[in-house]
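Q: I am new to this structure and would like to learn how to read it. Where should we begin?

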Amino acid sequence: MSERGLNTVSFAGHAASSAQFKALYAEGMGLVEETASYLDGPGRTAAKVLPRMASVLYAAESMRLTTRLMQMASWLLLQRAVNNGEMSREQVLSEKSKVRLDSFNVDRSAPGWNDLPESFRDLIERSLRLQNRVALLDREIYRPQEATSFVPDNQNGVKAQIKLLQTASGRVERGRPLPLKSKARPYVPGFFLARA
């Protein structure tokens, strides 16, 4: 039996060679092509008229975007090679160690973010969503022990959410929830400005 439990079934192995993977592959490669076309055409034109801060941010984010997409494309190509029998799982594991899927974040509060072209921000958002899907599939296939597992508690959904909130806020002691108390702080003029 697996470490994940007697009644669990991992669908990741099946999903990696299914129609869903083929759709993910097509979406990923399509996004790579769409991004390349945008950056070479309308993006290049739009970048020339951006304010200075937005222009610097555009340069940095376009490099992150292309790196993120190339990493995902590498993973998708490796997985396709496994699915087609062109590479063994061991060969892919060796090559996959060079692929980074989890380290590309975006600071949407950075100065100049809102000045970036909307179509460019859309490409970034789509690439992040795709990155999350690929990273999740990667964990399910190659590192199932790291994948977050769902453990049903057979409780009322509201009660389970309250328990999660109480646990997260440190309000559970010896299995019994503590009463919620107000921790309202007195108003201090300029408090939030001083912290910024």
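A: Begin with handedness: a crossing is left-handed if the near helix is turned anticlockwise from the far one by less than a right angle, and right-handed if clockwise. In this predicted model, the crossing of helix 2 and helix 6 is left-handed.

Q: At roughly what angle do the axes of helix 2 and helix 6 cross?
A: The axes of helix 2 (residues 19-40) and helix 6 (residues 118-142) cross at roughly 150° and come within 11 Å. Angles over 145 degrees count as roughly antiparallel, so helix 2 is roughly antiparallel to helix 6.

Q: Which residues of helix 2 and helix 6 meet?
A: From helix 2, the residues include Phe21, Leu24, Leu31 and Glu34; from helix 6, they include Phe120, Leu123, Arg126 and Leu130. By class, this contact of helix 2 with helix 6 has 10 nonpolar, 4 polar and 4 charged residues.

Q: Which parts does the salt bridge of Arg126 and Glu34 tie together?
A: A salt bridge needs a side-chain nitrogen of Lys or Arg within 4 Å of a carboxyl oxygen of Asp or Glu. The side chains of Arg126 and Glu34 meet at 2.6 Å, N to O. Arg126 lies in helix 6 and Glu34 in helix 2, so the pair ties together parts 92 residues apart in sequence. Glu34, Asp122 and Arg126 are linked in a network of salt bridges.

Q: Is Glu61 buried or exposed?
A: Buried means under 20% relative accessible area. Glu61 has 2%, so Glu61 is buried. Its salt-bridge partner is Arg64, at 2.7 Å, and Arg64 is partly exposed at 36%. Both lie in helix 4 (residues 52-83), 3 residues apart, about one turn of the helix.

Technical notes
Residues numbered from 1 in each chain as written. Predicted model: local features only at pLDDT ≥ 70, side-chain atom pairs only at ≥ 80, totals over all residues. Heavy atoms only, no water. Axes fitted to C-alpha atoms, helices over the stretch in contact; angles between N-to-C directions. Helix = DSSP H or I, 4+ residues; strand = E, 2+ residues; numbered from the N terminus. Parallel < 35°, antiparallel > 145°, perpendicular 65-115°, else oblique. Contact = heavy atoms within 4.5 Å. Nonpolar A, V, L, I, M, F, W, Y, C, P; charged D, E, K, R; others polar. Buried < 20%, exposed > 50% of the residue type's maximum accessible area, 1.4 Å probe, protein only.
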